[in-house]
Amino acid sequence: MAARAVIALVSVAEVVATELADHLERRGHDVRQARQPWEAESLLAGRGIDVVVVGDSLSQAEGRDLLRRHGGQGEGGEDGPDFILICRPTDLVDKVLALELGAADVVESPLNVRELAARVGGLLSRRGRGTQELIVLENATVDLRSAIVMHRSGTEEQLSPGQVALLRLFLASPRKVLTRDDIIAAAPAENADAFDRSIDSRIVRLRRKLDTETITTIRGAGYRFDPPQQFAD
């Protein structure tokens, strides 16, 4: 199994750090935090960090100094972590300087934590450390690997192992009618009550959680997954 990606949060405001860490950890990443510059030095000197998020409670000069010494152009010639610096909207010069020094991204505060988590995920993917397997439906995006449903409203829900198995079955058989026997064989229920009619309840609960109409009931036959446009051949 591949090692978990490691993200360091350096001097990120506590309310942001708590929510961001929750987003990242639920997606299978290892989050480490450093409140003070000396803690950051110790953390980054150990290597093994993939992405560093530097908060605006650290001065821009201190953030650039960390970037200069530990980033991709850091001392020792080794590839360092990707840096995301959080800056205030008025710090245009600091933003440009950070990008010129090799920062992967600079975001302005106040910020949307979910967007910031997505930016971290994008950097991890470019480093070959991405762990997402995203499915985009009408009203939600599903990360199958972390079993999270991300609704357009910003709320998130967790899929059970059985729901993930059921969704994977439909994704593997687009536009094909699956009988109840097909579903029981390929995606068994998570308890001993897997009688024929329980399949109906499982489908209803999955549809509701995904907020989707792509899973259709074919009366007397079974169920069919009709993919959204992006799945079309």
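**Close-up views of a predicted model**

This structure holds 12 salt bridges, and the model is a predicted one. The views below visit some of these pairs, then two sheets, the helices beside one of them, and the nonpolar cores.

**View 1. D65 and R69 meet in a salt bridge within helix α3.** The N to O distance between the two side chains is 2.7 Å. Why do D65 and R69 sit about one helical turn apart? Because they are four residues apart in helix α3, which spans residues 60-70. D65 counts as partly exposed, with 30% relative accessibility, and R69 is also partly exposed, at 21%.

**View 2. D105 and R119 form a salt bridge between a strand and a helix.** Here the side chains meet at 2.7 Å, N to O. The pair links distant parts of the chain: D105 belongs to strand β5 (residues 105-108) and R119 to helix α5 (residues 113-126), 14 residues apart. Is D105 buried or exposed? D105 is buried, since its relative accessible area is 17%, under the 20% limit. R119 is partly exposed at 30% relative accessibility.

**View 3. D200 and R180 connect two helices.** Their closest N and O atoms are 2.8 Å apart. Because D200 lies in helix α8 and R180 in helix α7 (residues 180-186), the salt bridge ties together parts that are 20 residues apart in sequence. D200 is buried, with a relative accessible area of 15%. In another place, salt bridges that share partners join E41, D65, R68 and R69 into one network.

**View 4. An open antiparallel sheet has three strands in the order β10-β12-β11.** At its edges are β10 (177-178) and β11 (215-218), each pairing on one side only. Two bridges join β10 to the antiparallel strand β12, residues 222-225. Which residue of β12 is the bridge partner of V177? The partner is R224.

**View 5. Two helices, α6 and α8, accompany this sheet.** Helix α6 (residues 161-172) lies across β10, β11 and β12, and runs at about 70° to β12. Helix α8 (residues 198-210) packs on the sheet and touches β11 and β12, with its direction making about 150° with that of β11.

**View 6. R207 of helix α8 is buried without a salt bridge.** How far away is the nearest side chain of opposite charge? That side chain is E213, at 5.6 Å. Leaving aside neighbours within four places in sequence, R207 contacts T212, I215, T216, T217 and Y223.

**View 7. A second open sheet is antiparallel, with four strands in the order β6-β7-β8-β9.** Its edge strands, β6 (134-136) and β9 (156-158), each pair on one side only. Neighbouring strands are turned by 20° against each other on average, direction ignored. Three bridges join β6 to β7, and V136 has T141 of β7 as its bridge partner.

**View 8. The largest nonpolar core has 24 residues.** V142, L159, F170, I183, I203 and L210 touch the most other members. At least two residues come from each of β7 (140-143), α6, α8 and β12, and the largest share, six residues, comes from α6. Beyond its neighbours within four places in sequence, V142 has contacts that include I148, L159, L167 and L210. Apart from this core lies another, of 21 residues, among them V16, V31, I86 and L123.

Technical notes
Residues are numbered from 1 along each chain as its sequence is written. This is a predicted model: local features need pLDDT of at least 70, side-chain atom pairs count only at pLDDT 80 or more; totals for chains, interfaces and linings use all residues. Side-chain values use heavy atoms; hydrogens and water are left out. Two strands pair if DSSP finds at least two bridges between them. Contact means heavy atoms within 4.5 Å. Axes are lines fitted to C-alpha atoms, for helices over the stretch in contact, and angles run from 0 to 180 degrees between N-to-C directions. Buried means under 20% relative accessible area, exposed over 50%, partly exposed in between (1.4 Å probe, protein chains only). Lys and Arg count as positive and Asp and Glu as negative; His and the chain ends are not counted. A salt bridge is a side-chain nitrogen of Lys or Arg within 4 Å of a carboxyl oxygen of Asp or Glu. A nonpolar core is a set of buried Ala, Val, Leu, Ile, Met, Phe, Trp, Tyr and Cys residues joined through side-chain atoms within 4.5 Å.
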